[in-house]
Amino acid sequence: NSEVLDADDDGSYTFKMGEENAALEVMFAEIKGNEVVQGTVVNGKLEISHVLAKPETNVTITAIPDEGYVAVESLKVTTADSAATEIPCQKVSESGNVYSFVMPDCAVTVSAVFRGYLVTVNNTIKNGTVTADVASAKAGDKITLTAIATEKNALGTISVKAGEDSLKNTRTDLESGKAEITFTMPASDVE
């Protein structure tokens, strides 16, 4: 007498052993689909819902930044062939780092880069220029701003703000019309 077993909730199979010897026959089915390969990931990790997926399957990617990094700067899904065609990938919701794409009829590679907090220089500055050595950084990094007054102008007030808070910073060469300002990146965007 044979019995076909269904999987339990945890994926295991159980049966009640009788008084006679039992023979167990297991049949495996080949999972068909194309590979979903994780490519280069910088400053974080990806959790991908499928290792193999059939065409038209919705594949979900959860992007998890490393400590000190806050958001996905870029996330790309490309065909794994020599053409490396980019596959459209959409953010599932505005809150969180969950993305999805529809699996094409070929293998794909998923890659991502995470960014730190933004360093934004106010672009309405008059009579000079200010540049930052980076566009984003993780909390605790040292950031350098360079302020240069145009000819016949002197540097005035220099401030760095994170939200409503001004940050402590150091200034050098203020009298020369050029100043380098350094500060420690907080756990928030700065302007």
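A residue counts as buried here when its relative accessible area is under 20%. By that cut-off, 25% of the 191 residues of the protein are buried. The model is a predicted one, so every value below is computed from predicted coordinates.

Starting with the big picture, the secondary structure comes to 17 strands and zero helices. The radius of gyration is 27 Å, while the globule rule gives 16 Å for 191 residues; the value is well over the rule, so the protein is more spread out than a compact globule. The spans of the C-alpha trace along its principal axes fit into the picture too, at about 100 × 40 × 25 Å. As for the surface, the accessible area of the protein is about 13300 Å², and carbon and sulfur atoms account for 48% of that. Contacts were also sorted by sequence distance: among those between residues at least 6 apart, 53% join residues at least 24 apart.

Now for the sheets. One of them is open and has four strands, in the order β2-β4-β8-β7, with antiparallel pairing. Its edges are taken by β2 (44-48) and β7 (90-91); each has a single partner strand, so one side of each is left without a neighbour in the sheet. At the β2 edge, five bridges tie β2 to β4 (residues 58-65), and the two strands run antiparallel. One of the residue pairs involved is glycine 44 with proline 65, the latter sitting in β4.

Another open sheet has five strands and mixed pairing, and its order reads β3-β1-β9-β5-β6. Here β3 (52-53) and β6 stand at the edges, again with a single partner strand each, so each has one side without a neighbour in the sheet. The link between β5 and β6 consists of two bridges, and these strands run antiparallel. Threonine 78 takes part in this pairing, with glutamate 86 in β6 as its bridge partner.

The loop between β5 (71-79) and β6 (86-87) holds threonine 85. With a relative accessibility of 42%, threonine 85 counts as partly exposed. Leaving aside residues up to four places away in sequence, threonine 85 touches Val77, Thr78 and Thr79. Leucine 145 lies 60 residues from threonine 85 along the chain, and their C-alpha atoms are separated by 39 Å.

Leucine 145 falls within the residue range of strand β13 (residues 142-149), which is joined to β11 (residues 128-132) by five bridges in an antiparallel arrangement. Within this pairing, threonine 129 has isoleucine 148 of β13 as its bridge partner. Strand β13 also pairs with β17 (residues 178-184), over seven bridges and in the antiparallel sense. Isoleucine 148 turns up here as well, standing opposite lysine 178 in β17. As a general point about such strands, side chains alternate between the two faces of the sheet when the strand is regular.

Finally, there is the stretch of chain ahead of the strands. Leucine 24 is found in the segment before β1 (34-42). Its relative accessibility is 66%, so leucine 24 counts as exposed. Leucine 24 also helps to make a nonpolar surface patch of about 630 Å², along with Phe15, Met17, Val26 and Phe28.

Definitions and conventions: Residues are numbered from 1 along each chain as its sequence is written. This is a predicted model: local features need pLDDT of at least 70, side-chain atom pairs count only at pLDDT 80 or more; totals for chains, interfaces and linings use all residues. Side-chain values use heavy atoms; hydrogens and water are left out. Patches are made of residues with over 30% relative accessible area and no salt bridge: like charges are joined within 9 Å, nonpolar side chains (Val, Leu, Ile, Met, Phe, Trp, Tyr) within 5 Å. Accessible areas come from the Shrake-Rupley method with a 1.4 Å probe; for residues, only the protein chains shown count as cover. A salt bridge is a side-chain nitrogen of Lys or Arg within 4 Å of a carboxyl oxygen of Asp or Glu. Buried means under 20% relative accessible area, exposed over 50%, partly exposed in between (1.4 Å probe, protein chains only). Two strands pair if DSSP finds at least two bridges between them. Contact means heavy atoms within 4.5 Å. The radius of gyration is taken over C-alpha atoms; the globule rule is 2.2 Å times the number of residues to the power 0.38.
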